[in-house]
Amino acid sequence: MDCRQIEKELKKILKPKRWRHTIGVEYTSVCLAMRYGEDLEKAALAGVLHDCAKYLSGEELLAICRENHLPVSEAEERSPFLLHGRVGAFFAREKYGISDEDILGAITWHTTGRPGMTLLEKIVFTADYIEPGRNEAPDLDRLRQLSFTDLDKAVVEILKQTLDYLTETGKEIDPQTELTYNSYKNNL
Ligand code: DGI
Ligand code: FE
Ligand code: FE
């Protein structure tokens, strides 16, 4: 499926706010792809699909993983919403006909990141945080500018802010998020 068709399909299943966010991430990913020399079509597809499984409950995400033999870590067992990336990549392959491994990786890892992210993975990870509809993070104006001047620095800042937020609100940190931060923190 192409981006236009996927947008239409997702409009039917995502809540209006989530759909707006999805379009925001799609186009912000394309802008970052222009800046950093990534394929625009790949960025658009990864961006539009990154939250395509977000309409499911934690229980439903877990059930889909079990039925389809997708891996579930202990942290994901306790915070199953973290699985919307992995299930999203599964849907991207099965329902939307995406076979490009880089696009599937960008969808899979968009919430926690991973050490050794590809350029496309960093782009979607960052676009998810800075797209125009977001307003909850502090210092977003600066972070948006930073994203277009130094993507690696932006990635670390986002990870740092996410870890701080999880600590402040007493939420469980997935070791994967910590692993990603530790592997990138020297870029600051
Ligand atoms: O799906 P979105 O809301 O667009 O964005 P996302 O997939 O990045 O999810 C954002 C949420 O994920 C945000 O509330 C922080 C949370 N998150 C990121 N890393 C971790 C985490 N939550 C837990 N419990 N543990 C993590 O390591
Ligand atoms: Fe998400
Ligand atoms: Fe998102």
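Just after helix 10 in this predicted model, Gly170 takes a positive phi of about 70°. The helix that precedes this glycine runs over residues 151-168 and contains 18 residues. From its first C-alpha to its last, helix 10 reaches 26 Å, which is close to the 26 Å expected at 1.5 Å a residue. At the other end, where helix 10 starts, a side-chain oxygen of Asp150 reaches to within 3.3 Å of the backbone nitrogen of Asp152.

The buried residues of helix 10 are Leu151, Ala154, Val155, Val156, Glu157, Ile158, Leu159, Gln161, Leu163 and Leu166. Their cover includes helix 2 (16-36), helix 8 (119-130), helix 9 (140-149) and helix 11 (175-184).

One of these buried residues, Gln161, can be followed in detail. Gln161 has a relative accessible area of 16% and therefore counts as buried, the cut-off being under 20%. Its side chain makes a polar contact with the side chain of Tyr129, at 2.8 Å. Leaving aside residues up to four places away in sequence, Gln161 touches Tyr129, Ala137, Pro138 and Leu143.

The model also holds two iron ions, ligand 2 and ligand 3, which lie 3.5 Å apart and are bridged by Asp51. The iron ion (ligand 2) is coordinated by Asp51 through OD and by His84 and His110 through NE2, at 2.1 to 2.2 Å. In sequence, the donor residues of this ion, ligand 2, follow the spacing D-x32-H-x25-H. Two of them link distant parts of the chain, since Asp51 sits in the loop between helix 3 (40-49) and helix 4 (58-67), while His110 sits in the loop between helix 7 (101-108) and helix 8, 59 residues apart. Both Asp51 and His110 are buried.

The iron ion (ligand 3) is coordinated, at 2.2 Å, by His21 and His50 through NE2 and by Asp51 and Asp128 through OD. The donor residues of ligand 3 are spaced H-x28-H-D-x76-D in sequence. Here too a pair of donors links distant parts of the chain, with Asp51 in the loop between helix 3 and helix 4 and Asp128 in helix 8, 77 residues apart.

Why do Asp51 and Asp128 count as buried? Asp51 has a relative accessibility of 3% and so counts as buried, and Asp128 is buried because its relative accessible area is 10%, with the limit set at under 20%.

Ligand 1 is surrounded by 18 residues, of which the closest are Lys54, Thr111, Glu172, Asp174 and Thr177. Polar atoms of the protein that lie beside oxygen atoms of ligand 1 include those in the table.

| Residue | Polar atom | Distance to an oxygen atom of ligand 1 |
|---|---|---|
| Lys54 | side-chain | 2.8 Å |
| Arg134 | side-chain | 2.9 Å |
| Asp174 | backbone | 2.8 Å |

Taken alone, ligand 1 exposes 580 Å², and the protein buries 84% of that area. Lys54 and Asp174 thus appear both among the closest residues to ligand 1 and in the table, Lys54 through a side-chain atom and Asp174 through a backbone atom.

Notes: Residues are numbered from 1 along each chain as its sequence is written. Chains are lettered from A and ligands numbered from 1 in the order in which they are written. This is a predicted model: local features need pLDDT of at least 70, side-chain atom pairs count only at pLDDT 80 or more; totals for chains, interfaces and linings use all residues. Side-chain values use heavy atoms; hydrogens and water are left out. Helices (H or I, at least four residues) and strands (E, at least two) are DSSP runs, numbered from the N terminus. The expected span of a helix is 1.5 Å times one less than its number of residues. Buried means under 20% relative accessible area, exposed over 50%, partly exposed in between (1.4 Å probe, protein chains only). Contact means heavy atoms within 4.5 Å. A polar contact is a pair of N or O atoms within 3.5 Å; within protein, one must be able to donate a hydrogen and the other to accept it, and residues adjacent in sequence count only if both atoms are side-chain atoms. Donors are N, O and S atoms within 2.8 Å of the metal (3.2 Å for Na, K and Ca); water is not among the atoms, so sites may look incomplete. A residue is near a molecule or strand if one of its heavy atoms lies within 4 Å of it. Accessible areas come from the Shrake-Rupley method with a 1.4 Å probe; for residues, only the protein chains shown count as cover.
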